[in-house]
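Have the model open in your viewer and a selection tool ready. We will go from stop to stop, and at each one I will tell you what to pick and what you will find there.

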Amino acid sequence: MKTLPACWMRMTLACIASLASAGAAAADRWAQLAYEPVALAWSAGEVERATAGNFDDIVRRAKGQGQYGCETSCERVRRVFERLVPLARAQTPRARHLPWTLTVVRTPGVEALALPGGQVVISEAFIHEHKMPDTQLAFVLAHEMAHSILEHERQTLHFARMLLRQDVPRSVADMYVEMGYNFALLSSLEPVMQQGEFEADELGLLLASAAGYAPRDQIGFMARQAVMDKTPRALVHTHPPARERLAQLRARLPLAQRLYAAHKAQRR
Ligand SMILES: [Zn+2]
């Protein structure tokens, strides 16, 4: 995701895949694969409220350009998203109560993103450009949902707060102002943001696998990105190189495959 606050990070290893009970868990309930971060600055609600305007901006811009809503992939995108939502809700107490929504736009430059409040946005142009089958669409959506589940935005803000003077009270809005002009701060956050991407990849792959999407097919999207190897020129690299993300995804394939098998066994 490219839009600033939406696709940001986290700080500890919240994304712990406990598969010991995955088979049994999938049999009678959705598998829990993630845990909530703890001891962060500001509440989840404060971060959700501070970022809600970003979603409104995306919608307003899309409507203003006549590019709001889907045209050709509506049913398919809705179906994939609805298969992922129960898995997302099962991950943490907070995720259970998020009002998960999916918004499709056709705005150039928008790919996919998720806000802390559970609003997921994807561009139909992005889906068409990459000719995404359902498996890859599921991975992309689940990756974005993982950012919301793991509270990466809140964790980024917390890390940023730790790097500033502690004797000055700051609101979430203050932090966005600070990050808007403090390049040194943003640059220092690069490893945190990249870690968030690795974690969203991992949890996204596992969620989509548990929802019944073949793991090896899911990572086809990242495999193509790795071949193209188009690391964008940027002052701050919020995302790791695609080849590194692909390597991590491949390392998680055995676990993802077991979740996928558990899903299929459950449906027999
Ligand atoms: Zn991301």
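Start by selecting residues 101–105 and 119–123, which are strands S1 and S3. In this predicted model, the two strands pair in the parallel sense, over five bridges. To look at one position along the pair, pick Thr 103 in S1 and find Val 121 of S3 standing opposite.

Now add residues 112–114, strand S2. Which order do the three strands take in the sheet? Reading across, it is S1-S3-S2, in an open sheet with mixed pairing. S1 and S2 are the edge strands; each has a single partner strand, so one side of each is left without a neighbour in the sheet. Turn the view to look at the strand directions: ignoring direction sense, neighbours in this sheet are turned by 15 degrees against each other on average.

Next, select residues 134–149 to bring up helix H6. This helix packs on the sheet and touches S2 and S3. Its direction makes about 25 degrees with that of S2.

Keep H6 on screen and move to the core. The largest nonpolar core holds 56 residues, and those touching the most other members are Leu 84, Ala 138, Leu 141, Met 145 and Leu 207. H6 supplies the largest share of this core, with nine residues. Centre on Ala 138: apart from neighbours within four places in sequence, its contacts are Val 80, Leu 84, Ala 208, Ala 211, Tyr 213 and Gln 218. There is also a second, separate core of ten residues; to find it, select Ala 50, Leu 157, Val 172 and Val 192, which are among its members.

For the next stop, show helix H12 (220–228) and helix H13 (242–251). At what angle do they pack? The angle is about 145 degrees, and the axes lie 8 Å apart. H12 passes H13 in a left-handed crossing. Display the side chains at the contact: Met 222, Ala 223, Gln 225 and Ala 226 from H12, and Ala 242, Arg 243, Arg 245, Leu 246 and Leu 249 from H13. Coloured by class, this contact shows six nonpolar, one polar and two charged residues.

Finally, zoom out to the whole chain. You will see 14 helices and three strands. Of the 268 residues, 44% are buried. Among contacts between residues at least 6 apart in sequence, 78% join residues at least 24 apart.

Terms used: Residues numbered from 1 in each chain as written. Predicted model: local features only at pLDDT ≥ 70, side-chain atom pairs only at ≥ 80, totals over all residues. Pairing = 2+ DSSP bridges. Helix = DSSP H or I, 4+ residues; strand = E, 2+ residues; numbered from the N terminus. Axes fitted to C-alpha atoms, helices over the stretch in contact; angles between N-to-C directions. Contact = placed C-beta atoms within 7 Å. Buried ≥ 20, exposed ≤ 12 C-beta atoms within 10 Å, placed from the backbone. Core = buried A, V, L, I, M, F, W, Y, C linked by C-beta atoms within 7 Å. Left-handed = near helix turned anticlockwise from the far one by under 90°. Nonpolar A, V, L, I, M, F, W, Y, C, P; charged D, E, K, R; others polar.
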